[in-house]
Amino acid sequence: MATILKLENLCYGYVDGGFKRQILENLSYEFEEGRFYTILGPSGSGKTTLLSIIAGLDKADSGKIYYRDEDIEKMGLGQYRRNKIGIVFQQYNLISYLTALENVEMAMTETENKIPKNQKEVAYALLEKFGIVKSKADRLVSKLSGGEQQRVAIARAIASNVDLIFADEPTGNLDTATEQEIIKVFKNLTEEFGKTVIVVTHSNEVSKLSDSRVLLNEGVLKTME
Amino acid sequence: MNFLKRALKNITRGKTKTILLIITFFLIGNLVIVGLGITSAAENAKTKARMSMNPVVNVTTDYSKWYEYVEGLTEEEQQEIYDNYAQNFPYITEEMIYQLMEDDRVKAVNALSVNTLYAGDFEAVPLNNEREQNQESNGQSCYMDEFGNEECVEYEYENIAIKSNMYDNMIEFETGMFKVMDGRFYTQDEIDNGSPVCLITEELAEYNNLHVGDTITIRLAGKDMIERFKDFISEEDTRLNLEIIGIYRTEKKVDEGAENFNWMDKYESPYNLILMPTPSIVDSQIRMNIAQQKYWNQMYGNGEEEIDENYDRAQWMTISSATIMINDPLDVENFINDHKDTLGEYRKFESDNTTFKQMSRPLDTLSLFANIIVWIVVVNAIVIITLITALTLKNREYEIGVMLSIGVTKAKIVLQFFIELVIVAVLGFTLAVLSGSMIAGKVGEVVMDYQVATEDQYSDEENNNNGGIYIGNELWNTNYFTSITQEEILEEYEVEISPLIIAEIYILGLGVVFLSILIPSAMIMRFNPKKILMSTN
């Protein structure tokens with residue numbers, strides 16, 4: 001399978017109380033297209049930091065990230081975020097004064113990817129696919145439950161017609177039942193939509209369903225058997 | 001869902017914040033409108049009042065400065081001046097007036113000579129006052145001769161007035177006081193050639209059945225003088241034949257209720273005023289003057305004094321003052337400033353600008369304070385809106401982080417916030433426009449009433465200054481300045497929120513918003529999505 005994201009010698013560290021703390025140390029890894037990855041690791045291992053860097057929210061101290069062989073720094077991190085990836089956060093990170101539909105539409109408007117002209121209908125359909133019916137789609141996101149908000153966040157992540165979805169502890173704020181539903185949604189993203197999903201999680205439930213489990217430990221990523 | 005739509009959604013869905021911001025802009029807008037409205041009303045009132053005044057400037061010898069200069073000289077130097085007084089005195093010269101006339105703003109020049117003379121082959125229009133009813137057409141002058149005997153000489157009263165000008169237009173025709181009803185005014189060629197032409201009033205024409213093309217004769221001497229001077233000047237030389245080239249209407253009327261009406265001479269009637277070029281009468285005046293000198297020399301001198309018959313004609317045409325009318329009352333001050341250096345040291349311009357400035361002082365003070373208020377408000381508004389926006393940004397960091405994470409550019413985020421502020425500002429200012437005109441009107445009235453009361457209390461003496469205008473016999477000293485009172489100027493004060501002010505408010509408002517967004521924009525530019533999201537998550 002083709003590589004969608006290639007990490008090459010990534011290093012990242014910070015100074016804390018006068019001591020340099022190295023989070024990523026010459027980290028290299030290749031993520032293949034159409035697979036569901038979970039990144040696991042002990043607390044403080046740098047999972048979220050790694051996600052921030054590979055999602056283009058932050059820069060590594062050194063090393064390269066290639067999206068389909070294209071250096072994301074050269075592409076521009078803004079453009080990378082806008083056109084190549086979608087991100088789902090633990091706190092959903094939706095715009096509170098917009099409805100579910102408008103949150104999804106925003107991603108569609110901002111991207112330079114090809115989006116169908118009937119944007120609104122597509123957004124409604126997408127939301128419905130993730131269990132948000134029209135009546136709920138027109139509500140302000142603050143009026144939706146946590147699970148519903150996370151579905152909206154996932155819909156927004158793929159609305160811009162991207163192939164790579166990142167998620168940071170997407171079920172961390174959800175009850176067990178809802179967690180199961182959301183895991184299914186992510187699984188579905190690879191199976192039905194052919195997306196590559198990379199999820200940072202603590203959850204065994206999530207990791208069990210992934211195609212590849214990757215462990216981040218002492219600044220290095222290793223595929224778990 | 002582009003940034004414009006997001007801005008609108010944010011405004012409509014964050015009602016409390018939006019209303020608070022609208023109120024802030026509304027209050028700022030009201031203060032700005034009050035300031036701008038008052039300033040504009042004050043300026044308009046001044047402009048209207050100034051426009052109602054004649055745009056005239058007197059060019060005159062600065063007598064006080066001249067005499068001060070002469071007094072400062074040594075006796076010998078003074079004697080030198082007096083010996084050639086005509087050459088040394090700072091008259092207004094023809095060249096100076098012609099130089100001023102080259103200015104495109106000049107509409108008319110009155111460099112007038114006024115003479116009271118005698119109707120020759122026509123009759124002056126009667127006044128029908130007591131004096132005429134008593135048939136007093138001659139006066140009597142008595143004196144004691146060298147032997148102590150009383151000698152009385154009868155003399156004829158002058159009955160017509162001549163106003164002669166050295167230029168081909170008169171202010172009266174520009175102000176509408178005079179209007180040519182038939183024929184025309186004299187040309188510059190006729191002035192330069194000294195052509196014997198004149199304009200008479202409708203009343204004088206009608207009274208004598210005179211028409212354009214007719215010739216009238218005026219006498220430079222009364223019958224008694226002709227008799228006395230007959231050895232020195234022929235009767236023919238005391239006469240001047242003038243062709244009527246125009247008949248004009250005068251708005252001036254005989255004031256029969258005037259205190260001195262019953263003692264007025266016919267020449268004081270506006271109907272007996274004849275207009276003609278100055279050079280056309282000068283030669284006759286010179287001849288008459290020489291004859292007079294010879295007569296007095298023979299009568300009271302030893303008869304041997306030599307009379308210089310070679311008068312300098314140009315000297316007879318020097319003037320001590322001229323009045324210039326320009327085309328725009330608002331340009332009087334500029335006109336003076338542009339030309340004051342060309343007059344030299346002992347000549348000056350006089351205008352009613354000083355009076356006008358004094359009269360409009362309450363408006364100036366009002367305008368000044370209003371302007372200060374506007375600028376204080378604008379500066380404060382920038383600070384307040386900047387702080388509000390910066391504080392709002394703190395609350396919207398999360399939103400900014402989310403937008404950045406999905407790839408919205410920082411420029412679009414700034415633009416969204418700017419548009420949000422603009423919309424709110426427009427709403428606030430629109431409400432302010434509605435209420436501001438009323439508030440501005442009331443505030444203006446209150447402040448101005450106070451101003452006027454204060455001015456009246458402290459400045460009565462100053463206001464008595466009429467701008468150096470000499471009030472004397474109107475025939476010789478026509479006052480072309482428009483008398484205007486402070487009340488008249490202040491009556492023009494009316495606060496009106498014109499489209500221009502409204503546009504000004506919106507432009508100013510946009511400026512405030514633009515400046516207010518600068519600092520918050522700089523803050524946004526420094527935002528890092530990871531930091532924001534990490535801290536909020």
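Here is a short walk through a predicted model, starting with chain B, moving to its core, and ending where chain B meets chain A.

Let's begin with chain B as a whole. Its secondary structure comes to 21 helices and 13 strands. Of the 537 residues in chain B, 48% are buried. The chain also brings distant parts of its sequence together: among contacts between residues at least 6 apart in sequence, 82% join residues at least 24 apart. On the outside, chain B exposes about 27300 Å², and carbon and sulfur atoms supply 52% of that area.

Now look inside. In soluble globular proteins, nonpolar side chains tend to be buried together. The largest nonpolar core in this model has 54 residues, and the members that touch the most others are F25(B), I400(B), I413(B), Y493(B) and I524(B). Which elements of chain B give two or more residues to this core? They are helix 2 (15–51), helix 16 (361–395), helix 17 (397–405), helix 18 (410–463) and helix 20 (499–525). Helix 2 of chain B provides the largest share, with 12 residues. There is also a second, separate core of 38 residues, and among its members are I115(A), A137(A), L174(A) and V199(A).

For a look at a single residue, find D103(B). You will see it in the loop between helix 6 (94–101) and strand 2 (106–110) of chain B. Is D103(B) buried or exposed? Its relative accessible area is 13%, so D103(B) counts as buried, the cut-off being under 20%. Setting aside neighbours within four places in sequence, D103(B) is in contact with F335(B) and H339(B).

Finally, turn to the place where the two chains meet. The contact takes 27 residues from chain B and 28 residues from chain A. Together the chains bury about 2300 Å² between them, with 55% of it on carbon and sulfur atoms. Polar groups take part as well: 11 residue pairs are in polar contact between chain B and chain A. Four salt bridges are found across this interface. One of the salt bridges pairs E110(A) with K412(B), whose closest N and O atoms are 3.1 Å apart.

On the side of chain B that touches chain A, the elements giving two or more residues are helix 1 (3–13), helix 17, helix 18 and helix 21 (529–536) of chain B. Helix 17 of chain B gives the most to this side, with six residues. You have met helix 17 and helix 18 of chain B before, in the list of elements that contribute to the largest core.

Conventions
Residues numbered from 1 in each chain as written. Chains lettered and ligands numbered in written order. Predicted model: local features only at pLDDT ≥ 70, side-chain atom pairs only at ≥ 80, totals over all residues. Heavy atoms only, no water. Core = buried A, V, L, I, M, F, W, Y, C linked by side-chain atoms within 4.5 Å. Buried < 20%, exposed > 50% of the residue type's maximum accessible area, 1.4 Å probe, protein only. Helix = DSSP H or I, 4+ residues; strand = E, 2+ residues; numbered from the N terminus. Contact = heavy atoms within 4.5 Å. Areas by Shrake-Rupley, 256 points an atom, 1.4 Å probe, with all protein chains shown as cover. Buried area = accessible area lost by both parts, 1.4 Å probe. Salt bridge = Lys/Arg side-chain N within 4 Å of Asp/Glu carboxyl O. Polar contact = N/O pair within 3.5 Å; in protein donor to acceptor, adjacent residues only side chain to side chain.
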